[in-house]
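Visitor: Please give me a close look at the ligand site, and then place it in the wider model. I would like every term defined as you go.

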Amino acid sequence: MIECRWDGMTMSDAEYIRKKIAELEDELTRLKELTSDEEYFKVRSEERIAMRRRQMLEMKKRKLDTISLWGLYGHEDMKQFKSMILPVFSTSTGAPHDTMTEAAMMLSYQIINDPNKIYSRIDNTTIDHLAMKIAALEGKNIPELTEGLMVASGMAATFMATMPFLEVGDHFVSSNRVYGGTEQLFNVTYKKMGWYVDWVDAPWSIDEWQEKITRETKFLFVESPSNPLLFVADIPELAKLAHDHGIPLIVDSTLASPVLMRPLEHGADIVVHSVSKIMGSSGRAIAGVIVAKERIVTNVDVLAENFVTKVKGGHFRNLGPCLHPPSAAAIWDNLNSLPVRVRAHCERAQQIAEFLEGHEKIESVNYPGLKSHPQHEIAKKLMKFEDRTNGYGYLMSFKIKGGLEKTIKFTQSFNFGVQVTDLGRDYTTWIHPYTTTHGQMSPEMKKRAGIDENLIRYSVGLEAAEDAIKALEETLSKL
Ligand SMILES: Cc1ncc(COP(=O)(O)O)c(C=O)c1O
């Protein structure tokens, strides 16, 4: 007699089959009681949503290491898809609809959260699992549920998280310590749409944020830590300020990753990431994500509840910045070891930052783990591993004594890692922001944002810190 597993008990196959038949009969009776197709599909959709909520809440009880590895892809999914590894559903469309009613209800978003049965521009099983994994990581320590939306890039994430709030003539306030692409999006593209940004030049000053908020302000935006100057925002204070004005705080938390900081825990409403960075550290994909709480503070009433679902079924569907399923699978794999990798990056980065800070050819080093960093105390409070020890990330920047001339010399002779516009890789990468990532910024804006000619951005990889230090020493000693 074959032994079967049933609800954790071992029983004979005859008993198993009897129990299964009884269960199916119950289900049939229940379904017969439903009066229409419509009601049937609605109930099924609600059941699915309830199940997902339960799974998300269960997931929160686990540690970050476990969430990063498993996400919500459990034994039932493995059995359904006959694969222990999350399959790549590299398809335009999912399973056929059972009836015309179901098709109509799905396409009018009366049935949601069934990624197996929808067009991949809107949802897809592989992508959905990735979104749930990241949403579970970001929402780990908050009582509310979180929902995630995967998009084609970090830029698309910033766009999709911000544009739903804006009408012509609207305004928002942003830290000027942002990635160059974000500056261009807000200053150039948004201006064309009639959406106006007011930059905060001293984003550590809550007073300056406060002064720039007007009646037309729809949200506050901050990148923390920032690329490439590593400004660290006091997120609890900023969230309080935003909420006092009835508006949300949106945080680009790319450089911290959910392993070191989860802005929603500190009061933020929406978090965005360039998933192309450490979350997708192998560098096989470009991607972005938005994660929001179920309820957010906003003066745009229609967006207050289920922001992500609304964006997904609305502007995201209309604009089409969807992720490619094989990219989602590559990132899923990278996330499996995220907490372990982040710790290794942080240990190396701290050693390298301390070495650089003590070097005579270096003017200054920006790394939140250094006591000299202006927001070191805030970073100490907000950037922590799950065991409460601090970690300050993989990115730093430093200025070379002797201005542009010596900086060019450095770039010509430094042969460790790779000179590219990229960061968060397993490999060390570095670049000269003034002429590259922030090259399109006006000289005035560069000055305001602190992007100086002698600045090098340095993303610490997984090579041994000793090797990186040796290479830096060799190059710097010859300047
Ligand atoms: C902090 C930050 N946010 C957003 C982006 C944009 O991300 P992506 O290149 O994935 O569009 C970047 C890219 O470097 C970044 O560093």
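**The ligand site**

Guide: Around the ligand, taking every residue that has a heavy atom within 4 Å of it, we find Ser153, Gly154, Met155, Tyr179, Glu223, Asn227, Asp252, Thr254, Ser274, Ser276, Lys277 and Ala287. The model is predicted, and local features are described where pLDDT is at least 70, with side-chain atom pairs counted only at pLDDT 80 or more, whereas totals for chains, interfaces and linings use all residues. Residues are numbered from 1 along each chain as its sequence is written, and side-chain values use heavy atoms, with hydrogens and water left out.

The shell around the ligand divides into 3 nonpolar, 6 polar and 3 charged residues, where Ala, Val, Leu, Ile, Met, Phe, Trp, Tyr, Cys and Pro count as nonpolar, Asp, Glu, Lys and Arg as charged, and the others, Gly among them, as polar. In the side chain of aspartate 252, an N or O atom is 2.6 Å from a nitrogen atom of the ligand, while an N or O atom in the side chain of serine 274 is 2.8 Å from a ligand oxygen. Serine 276 likewise has a polar side-chain atom, which lies 2.6 Å from an oxygen atom of the ligand. Taken alone, the ligand exposes 390 Å², and the protein buries 91% of that area, as calculated by the Shrake-Rupley method with a 1.4 Å probe.

Two of the residues around the ligand, Gly154 and Met155, take us to helix 7, which spans residues 154-162; helices here are DSSP runs of H or I with at least four residues, numbered from the N terminus. Helix 7 is mostly covered, with 8 of its 9 residues buried, that is, under 20% relative accessible area for a 1.4 Å probe with protein chains only. The buried residues are Gly154, Ala156, Ala157, Thr158, Phe159, Met160, Ala161 and Thr162. At the start of helix 7, a side-chain oxygen of serine 153 comes to within 3.4 Å of the backbone nitrogen of methionine 155, and serine 153 also belongs to the surroundings of the ligand.

To set this part in the wider model, consider tryptophan 209, which is placed in helix 9 (residues 206-212). Tryptophan 209 is buried, and its relative accessible area is 0%. From C-alpha to C-alpha, tryptophan 209 is 8.4 Å in space from serine 175, with 34 residues of sequence separation between the two.

Notes:
Buried < 20%, exposed > 50% of the residue type's maximum accessible area, 1.4 Å probe, protein only. Helix = DSSP H or I, 4+ residues; strand = E, 2+ residues; numbered from the N terminus. Polar contact = N/O pair within 3.5 Å; in protein donor to acceptor, adjacent residues only side chain to side chain.
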